[in-house]
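Hi,

Here is the structure I said I would pass on. Have a look at it first, and then read my notes underneath.

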Amino acid sequence: MANLNGKAAEQMTYDAIVIGSGISGGMAAMELCKKGLKTLVLERGRMVKHGEYPTANLDTWDLPFNNLVTQEEKALHYFKQSRLSWWVNQDNLHWIVKDDEYPYDEINRFDWIRGHHVGGRSIMWGRHCYRWSDIDFEANAKEGIAVDWPIRYRDIAPWYDYVETFVGISGMKEGLKQVPDGKFLKPFGLNCAEQKLREKVGAAFPKRVITQGRIANLSEYNPAVHKGIRGQCQTRNRCWRGCPYGAYYCSLSGPFPVAEATGNLTIRPHSIGAEIIYDKETKKATAVRVVDAESGESLEFFAKIIFCNASTIGSTAILLNSRSERFPDGMGNDSGELGHNMMDHHYGMGVSGVLPGLEDTYYKGRRPGGFYIPRFRNIDNATKQKDYLRGFGYQGGASRRRGDLSLPAGKIFKDGLTIPGEYQISITCFGELLPYHENKMQLNFNKLDRHEMPTIVFDATLRDNEQALRKDGVQCGIEMLEAAGCRNISSYNEETAPGACIHEMGTARMGKDPKTSVLNKWNQIHTVKNVFVTDGACMTSSGTQNPSITYMALTARAVDFAYKALNKREL
Ligand SMILES: Cc1cc2nc3c(=O)[nH]c(=O)nc-3n(C[C@H](O)[C@H](O)[C@H](O)COP(=O)(O)OP(=O)(O)OC[C@H]3O[C@@H](n4cnc5c(N)ncnc54)[C@H](O)[C@@H]3O)c2cc1C
């Protein structure tokens, strides 16, 4: 049918389009809007506004089945994600994409944890934020692994400063070269058991530091930055449900209100970015084709700049689906690396024990996070390992348990609850996964989903380096708890899979050479200069640090570059 609206193209034209509204998309949208660009955010999921968090004010007893999800429901809708035993609960069920509605295939097991709604996984994340250092940026080049990063710490350091100031990270300065200090708000602090662990481990192993987890929760309110939208953390410890106080960072309470206030922001929910349209004459992208998730309609939105922030797998899927005469294997895929080098952190390994000697102490209140032990392996010659490359870090916490909970139910049990128990320390190890070309995701054009989009097939696995690293990660954890004087130490090293750590990255990597990488040092597709990918797909290696703050810093940096290039008419 002829389009009778003469202004149709004009109405669908923006200065910039951002695909995805999660952690990186929120930052991209805010930065673009602040620079005065009319910006359209395309989000495949439903609209959620700050404050619309259905379980945020409920207690466990308000939730069905004491917050548990029935086996039947898991088997029907969450049969893949419930392989992570802690993940699917009544309080977060509404944020989780159902496995049966959006199927994918696995040549090797891949745990794909998604959030299809405005805000993406910024609502659900654990909020740990650690800077990368040159130990990470130089590792590939020094070890001859994959390709070199096209940037170094000095390139991103000012952007860490910039985003950390906005995000608000509570943490302790430690002067460590492997996780540089940042612009921290005051720490929530270690409790007495964690402090004891810090002292004992520090005495036994001077390179192992127990510090407070650096988390994106406002321990202090700064009116100049938080502008009455976000408030100080009330330590309710229900962050993953959404915070009515806006006390932890998510796209809904952080960047979107700032972007909205500029008058430049349009968010279009239910808009599945299907492909980016390429114009071979100008060698640029002109539009994003969208499938409306509600009507099934196919629409095109036009812009001078396109930011892909649909998450690592989402953005890579869009690029792989953006096939043209010039790019038969996906946009920007001259190198053949698009979809390859899939990384995540691997965990499913850790240690716990009981810390005696603090029976006459207690601590008060809750905190939104525990402690962190930064990487201490392979950070210099003295810590070099012969069995494996790279390293691991730990997240953990210590708490005082109730009395003997093995007592029978009834009065004896209730009385038992009032007796202070032992201090229990648990640490979970997060290991680096190397960028293997063989670890990949592909599209299956013969198997379409409910929106007629090709489905994804994953084929990624842990290899010898990771297995050797895991053994050492567990052993070092045992050593540290022994050094602290713990008893009843137990450890685990379970079967796990990429995706399980929810830090997937690497499938459209940055690099210096278009023959071996997809993006340049500005996160710009080497061969399509007005398309930027600033989510985890851009990562050239995985480090050991939780990655989202790095995506945010790279995003703000790329927007600044794009804006300047646009003004110089280079885009
Ligand atoms: C339980 C949990 C704990 C975590 N803890 C931490 C942590 O402590 N520290 C840390 O750094 N990271 C953590 N993460 C990971 C973190 O959430 C991700 O790294 C981060 O959200 C990635 O940001 P993103 O913008 O790339 O993607 P997302 O935040 O996932 O946002 C992507 C958005 O794009 C949308 N989208 C996808 N495809 C399309 C499409 N085709 N068209 C339009 N829209 C699309 C999605 O619906 C989504 O809204 C955690 C994640 C979870 C779930």
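Below are some notes on one helix and on the cavities.

Keep in mind that this is a predicted model.

Let me start with helix α12, which covers residues 464-483. Does its length add up, and what should 20 residues span? At 1.5 Å a residue the expected figure is 28 Å, and the C-alpha atoms at the two ends lie 29 Å apart, so the two agree.

A good part of α12 is hidden from solvent: N465, E466, L469, R470, D472, G473, V474, C476, G477, I478, M480 and L481 are buried. What covers them? The cover includes helix α7 (192-204) along with the strands β11 (349-355), β12 (371-373), β13 (392-402), β14 (420-431) and β17 (487-493). After α12 comes G485, which has a positive phi, near 90°.

Now the cavities. How many are there of 30 Å³ or more? The structure has 3. The largest holds about 90 Å³ of space. It is lined by 13 residues, and C233, R236, N237, C239 and C243 are the closest to its centre. By class, that lining splits into 6 nonpolar, 5 polar and 2 charged residues.

The second largest cavity comes to about 60 Å³. Around it you will find F166, V225, H226, K227, I229, R230, S253, G254 and V258. Here the lining counts 4 nonpolar, 3 polar and 2 charged residues.

Cheers

Note on methods. Residues numbered from 1 in each chain as written. Predicted model: local features only at pLDDT ≥ 70, side-chain atom pairs only at ≥ 80, totals over all residues. Heavy atoms only, no water. Helix = DSSP H or I, 4+ residues; strand = E, 2+ residues; numbered from the N terminus. Expected span 1.5 Å × (residues − 1). Buried < 20%, exposed > 50% of the residue type's maximum accessible area, 1.4 Å probe, protein only. Contact = heavy atoms within 4.5 Å. 1 Å grid on protein atoms, 1.4 Å probe; cavity = no way out; pocket = protein on both sides within 12 Å on 5 of 7 lines; lining within 4 Å. Points joined across faces, edges and corners; volume = space filled by probe spheres on them. Nonpolar A, V, L, I, M, F, W, Y, C, P; charged D, E, K, R; others polar.
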